[in-house]
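Work through the exercises below with the sequence and the 3D view side by side. Try each task before reading its solution.

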Amino acid sequence: MAVKIKLQRLGKIRAPYYRVVVADARTRRSGKAIETIGRYHPKDEPSLIEVDSERTQYWLGVGAKPTESVQRILEITGDWQKFKGLPGTEGTLKHAEPKPTKQELFEAALKDAGEEPTTEATTPKKRGGAKKSEAKKDEAKKDEAKAEEKAEKPADQS
């Protein structure tokens with residue numbers, strides 16, 4: 001049985017991500033896999049590549065052949081050089097910088113503002129009911145004014 005290390009596509013139409021899987025060479029691209037040994041997200045910057053090095057070395061050792069795209073991924077992680085005994089086993093894998101937490105962002109903004117908050121951290125919600133009640137009060141005042149005008153007119157005529 002011929003075994004291949006290949007990519008299994010997952011994700012949406014324009015947002016693909018892949019699993020690095022060990023599967024029978026005769027199975028389809030998204031078919032049943034023997035084992036999942038990693039994942040690859042090409043749309044992230046830099047691309048996310050996670051491969052279980054120990055399992056990869058095992059499968060390469062027992063004769064599994066990687067596809068061209070998987071071989072490029074293994075060269076980036078350094079697993080292919082390790083398997084072939086070539087120099088450069090550290091690979092050229094880039095790591096993404098960790099994102100700052102919301103607390104760190106708030107503290108940085110606080111420093112920019114001069115160490116003292118000018119407002120509260122959160123703003124109070126506006127109440128829509130206040131506008132409606134004011135509008136009703138205005139209408140009531142207009143109605144009262146009209147009623148007074150009507151009451152005064154008949155008095156003037158007599």
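**Exercise 1. A salt bridge with two unlike partners**

Task: Find the partner of D24 in a salt bridge, then sort both residues by accessibility.

Solution. Keep in mind that this is a predicted model.
Step 1. D24 forms a salt bridge with R26, and the closest N and O atoms are 3.1 Å apart.
Step 2. Apply the cut-off: a side-chain nitrogen of Lys or Arg must be within 4 Å of a carboxyl oxygen of Asp or Glu. The 3.1 Å between D24 and R26 fits.
Step 3. D24 has 14% relative accessibility, so D24 counts as buried.
Step 4. R26 has 69% relative accessibility, so R26 counts as exposed.

**Exercise 2. Pairs that link elements**

Task: Which elements are tied together by R55 and E35, and which by R39 and E50?

Solution.
Step 1. Start with the principle. Side chains of opposite charge can pair when their charged atoms come close.
Step 2. R55 and E35 meet through their side chains in a salt bridge, 2.9 Å from N to O. R55 lies in helix α1 and E35 in strand β3 (residues 35–41), so this pair ties together parts that are 20 residues apart in sequence.
Step 3. Check the exposure of this pair. R55 is partly exposed at 26% relative accessibility. E35 is partly exposed too, with a relative accessible area of 21%.
Step 4. Turn to R39 and E50. Their side chains form a salt bridge, 2.8 Å from N to O. R39 sits in strand β3 and E50 in strand β4 (residues 48–51), so to speak distant parts of the chain, 11 residues apart.
Step 5. R39 counts as partly exposed at 36% relative accessibility. E50 is partly exposed, with a relative accessible area of 38%.
Step 6. Close with the total. The chain has 4 salt bridges by this rule.

**Exercise 3. A residue in helix α1**

Task: Is T56 buried or exposed, and which residues does T56 contact beyond its sequence neighbours?

Solution.
Step 1. Locate T56 in helix α1 (residues 53–61).
Step 2. Relative accessibility is 0% for T56, so T56 counts as buried. The cut-off for buried is under 20%.
Step 3. Leave aside the neighbours within four places in sequence. T56 is then in contact with I37, V51, L74 and D79.
Step 4. Set this against the whole chain. Of its 158 residues, 21% count as buried.

**Exercise 4. Loops and their spatial partners**

Task: Where do A15, A33, H95 and P46 lie, and what can be said of each?

Solution.
Step 1. A15 is in the loop between β1 (3–11) and β2 (16–24). Its relative accessible area is 39%, so A15 is partly exposed. The C-alpha atoms of A15 and K43 are separated by 6.9 Å, with their positions 28 residues apart along the chain.
Step 2. A33 is in the loop between β2 and β3. A33 is partly exposed, with a relative accessible area of 27%. Beyond neighbours within four places in sequence, A33 is in contact with V21, V22 and A23. From A33 to I5, the C-alpha distance is 9.6 Å, and the two are 28 residues apart in sequence.
Step 3. H95 is in the loop between α3 (79–84) and α4 (102–112). At a relative accessible area of 66%, H95 is exposed. H95 and S47 are 48 residues apart in sequence, yet 8.5 Å apart in space, C-alpha to C-alpha.
Step 4. P46 is in the loop between β3 and β4. The peptide bond from E45 to P46 is cis, with omega near -10 degrees.

**Exercise 5. The charged patch and the overall layout**

Task: Which residues gather in the patch of negative charge on the surface, and in what order do the elements of the chain run?

Solution.
Step 1. The patch of negative charge on the surface gathers E134, D138, E139, D143, E144, E148, E149 and E152.
Step 2. Place one of them: E152 is in helix α5 (residues 128–157).
Step 3. Count the elements. The chain has 5 helices and 5 strands.
Step 4. From the N terminus on, the order is β-β-β-β-α-β-α-α-α-α.
Step 5. Add the surface. The accessible surface of the chain is about 12,900 Å², and 51% of this belongs to carbon and sulfur atoms.

Definitions and conventions. Residues numbered from 1 in each chain as written. Predicted model: local features only at pLDDT ≥ 70, side-chain atom pairs only at ≥ 80, totals over all residues. Heavy atoms only, no water. Patch = residues over 30% accessible without salt bridge, like charges linked within 9 Å, V, L, I, M, F, W, Y side chains within 5 Å. Areas by Shrake-Rupley, 256 points an atom, 1.4 Å probe, with all protein chains shown as cover. Lys, Arg positive; Asp, Glu negative; His and termini not counted. Charge placed at Lys NZ, Arg CZ, Asp CG, Glu CD. Helix = DSSP H or I, 4+ residues; strand = E, 2+ residues; numbered from the N terminus. Buried < 20%, exposed > 50% of the residue type's maximum accessible area, 1.4 Å probe, protein only. Contact = heavy atoms within 4.5 Å.
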